[in-house]
Amino acid sequence: QKVSVEVLDHLEHLALVDFRDSEGVERLQKAIQFADQLHEVNTDGVEPMDSVLEDRWCLYLREDDVTEGNCTKDLMENAREKVEEYFVAPPGNIPLPKLEERDTFLQGS
Amino acid sequence: ALKDGLLSQVSAALKEGRVTPTELCQRCLALIKSTKFLNAYITVAEETALKQAEESEERYKRGQPLGILDGIPIAVKDNFNTAGIETTCASNMLKGYISPYNATVVQKLLDQGAVLLGKTNLDEFAMGSGSTDGVFGPVRNPWSYSKQYKEKSVPKSHSEDEESNWVITGGSSGGSAAAVSSFTCFAALGSDTGGSTRNPAAHCGVVGLKPTYGLISRHGLIPLVNSMDVPGILTRCVDDAAVLLGSLAGHDPKDSTTVQDDFKPFELPNLTDVSKLSIGIPKEYHAPGLSSEILALWSKAADLFKNAGAKVVEVSLPHTRYSIVCYHVLCTAEVASNMARFDGLEYGHRSDKKESTESMYAATRREGFNDVVRGRILSGNYFLLKQNYEKYFVKAQKVRRLIATDFVKVFRSGVDILLTPTTLSDAAPYTEFIKEDNRTRSTQDDILTQAANMAGLPAINVPTALSERGLPVGLQFIGRSFQEKQLLTVAKWFEKQVQFPMIQLEEVKKHDSDVFQHQKSASFS
């Protein structure tokens, strides 16, 4: 079954990436169809695997010593908009416009 | 010191003063210029390379080279951070991004005196199997211009000859594979998440090693799938891959997914007796679409081992055909997470939109990512939705365990090494390849390589023979976790048996010198 416009809109919000055109939406549909093949596999009693190293290694804690840093200048180099040592962002807490008001391909759907 | 292998021979030549690091570097830079049409390099770091070569020369003059890699020109895939050098991932998102640090593997190479020639081309953010989808354009397979290919191809018309006939390198580390294949560097770094080092290695006729997950540090490798990515090694012979591995492997405190075991670099023995070896032939790797040519070659290789006294058995990895589906879900899910860092605030492209943070992020990502990347992000987000999480993501993680267990069972049954094809066919012409979209192609092309990433196992492509079209075909060996020495030993034996021919390139002949003569006599003709 096709993915609803609500879900598509929701995905654009979550991912902050656009479908762009019908091809983009079709791409998702095909991806889901492809992934559905997983349900042919019997996984009763099988634990999900997070990492192939699950048996070999455990994350260790190291001493809380500062071993590197002081690279503010280097790190700021690549930012386009900054003031002193701050990255400058546009105002936050303003949600992305709703589907009807947004400039998105999904509007026509 | 290693007796065999190209790197050890060049190293000897450097020590004896028969060639200097500066000469080597200059030859490579000149060759890069004259093979520009391959589009293998995104950035050529000419000044810094020559400086590194000079410093190397000083060390040789003092009789104090740092090791076998001192003065050796190498190339690095453009998804590894390289301090002071642009790192783009072949994406608009990172155009102009100058890395403030070196990836651990890059640092290790530089610490050994290697000369960094430049950054190689790839599919955007390493997503793809053709090296055709980056913003700097596709990489051309050097074999497209080889005598061997030209002799076999029937041009439609003289003027169309080279322009429409060229074949892809495979991907996503196509630039690195092309660079090694065309002699512009002696070794190159790639990355391998679903086959991205082995696939182009097979198409370009070079050795491509995917090490065990956790052996080599990923710190500084711009991540695609954290649970599967590994740095890949591309060289002209197996011995050289062992040398590179020796320089790169080992625990890195900056990468918590590297194992803490001590790694000891090794020399590869010259195996003469294979009678104690058990080679497994997984029947499911006779995948739909496998060319009859490659099937025949695979069979011939199995016979080679059998006739030499090894035990060759058919084995089964029953979940093979689901591994590509599983990969598809896990990969897109991790990509959705990893690509979230690109928002324009701290680095990379930033949109001019100012209304809100979210609209700026959305516009930045809209402008910075190509269709393939955006598609994977959206798919990944879909599979990670609350209503889909169990159904897709967790399900895929369970299937992953089944795939990994398949391998464990086979290795536990006494098999030492698996022998499989690397690709379904030889390299396709670019015009053919682009007829299908990226996802379809990746699905088809990754089928033989990505189960090894799923299970974290080491795997290597060894160039085996030329196809009827005069293009390279490779075969893949998959080994047990952390048993690279055994894997490479067997690969080296096989390499010696097959005597893969050297590429005959006009461009290289023009730059012929003692050094390249060296390469010719060192490799097999």
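Is B:Ser131 buried or exposed? I looked this up before anything else, in what is a predicted model. B:Ser131 counts as buried, because its relative accessibility is 0%.

**B:Ser131 and its surroundings**

I placed B:Ser131 in the loop between β3 and α5 of chain B. Next I checked what its side chain does. A polar atom of that side chain lies 2.8 Å from the backbone oxygen of B:Gly170. Leaving aside neighbours within four places in sequence, I listed the contacts of B:Ser131: among them are B:Leu122, B:Asp123, B:Pro138, B:Val139 and B:Thr169. The list also includes B:Gly170, B:Gly171, B:Ser172, B:Ser173, B:Gly174 and B:Gly175.

**B:Asp123, from the other end**

B:Asp123 was on that contact list, so I went there next, because I wanted to know whether B:Asp123 too counts as buried, and at 0% relative accessibility it does. B:Asp123 sits in the loop between β3 (115–120) and α5 (147–152) of chain B. A polar atom of the B:Asp123 side chain is 2.7 Å from the backbone nitrogen of B:Ser131. Beyond neighbours within four places in sequence, B:Asp123 is in contact with B:Cys89 and B:Ala90, among others. Its contacts also include B:Gly128, B:Ser129, B:Gly130, B:Thr132, B:Asp133 and B:Gly134. I also took one distance: the C-alpha atoms of B:Asp123 and B:Asp78 are separated by 9.9 Å, with their places 45 residues apart along the chain.

**The nonpolar cores**

Then I turned to the cores. The largest nonpolar core has 173 residues. B:Phe125, B:Phe305, B:Tyr382, B:Phe407, B:Ile460 and B:Phe477 have the most contacts inside it. α14(B) supplies the largest share of this core, 11 residues. Another core, of 14 residues, lies apart from it, with B:Leu38, B:Phe183, B:Met502 and B:Leu505 among its members.

I picked B:Phe477 for a closer look. Not counting residues up to four places away in sequence, B:Phe477 touches B:Phe305, B:Ile417, B:Leu418, B:Leu419 and B:Phe494, among others. B:Phe494 lies in helix α18 (residues 484–498) of chain B. B:Phe494 counts as buried because its relative accessibility is 0%. From C-alpha to C-alpha, B:Phe494 and B:Phe477 are 10.0 Å apart, and 17 residues apart in sequence. With the same sequence neighbours left out, B:Phe494 touches B:Ala301, B:Leu304, B:Phe305, B:Val462, B:Thr464, B:Leu475 and B:Phe477.

**Where chain B meets chain A**

How many residues does each chain bring to the contact? I found 72 residues from chain B and 56 residues from chain A. The two chains bury about 5800 Å² between them, 61% of it on carbon and sulfur atoms. In chain B, B:Arg350, B:Leu378 and B:Arg401 lose the most area to chain A, together 12% of what that side buries.

I went through the polar side as well. The rule finds nine salt bridges across the interface of chain B and chain A. In one of them, the side chains of B:Asp261 and A:Arg56 meet at 2.3 Å, N to O. I also noted 26 residue pairs in polar contact across this interface. On the chain B side that touches chain A, α11 (320–338), α12 (357–368), α13 (371–383), α14 (386–412), α16 (438–445) and α17 (450–455) each give two or more residues. α14(B) gives the most, with 13 residues. By type, the residues on that side divide into 31 nonpolar, 21 polar and 20 charged.

How values were computed
Residues are numbered from 1 along each chain as its sequence is written. Chains are lettered from A and ligands numbered from 1 in the order in which they are written. This is a predicted model: local features need pLDDT of at least 70, side-chain atom pairs count only at pLDDT 80 or more; totals for chains, interfaces and linings use all residues. Side-chain values use heavy atoms; hydrogens and water are left out. Contact means heavy atoms within 4.5 Å. Buried area is the accessible area (1.4 Å probe) that two parts lose on being put together, summed over both. A salt bridge is a side-chain nitrogen of Lys or Arg within 4 Å of a carboxyl oxygen of Asp or Glu. A polar contact is a pair of N or O atoms within 3.5 Å; within protein, one must be able to donate a hydrogen and the other to accept it, and residues adjacent in sequence count only if both atoms are side-chain atoms. Helices (H or I, at least four residues) and strands (E, at least two) are DSSP runs, numbered from the N terminus. Ala, Val, Leu, Ile, Met, Phe, Trp, Tyr, Cys and Pro count as nonpolar, Asp, Glu, Lys and Arg as charged, and the others, Gly among them, as polar. A nonpolar core is a set of buried Ala, Val, Leu, Ile, Met, Phe, Trp, Tyr and Cys residues joined through side-chain atoms within 4.5 Å. Buried means under 20% relative accessible area, exposed over 50%, partly exposed in between (1.4 Å probe, protein chains only).
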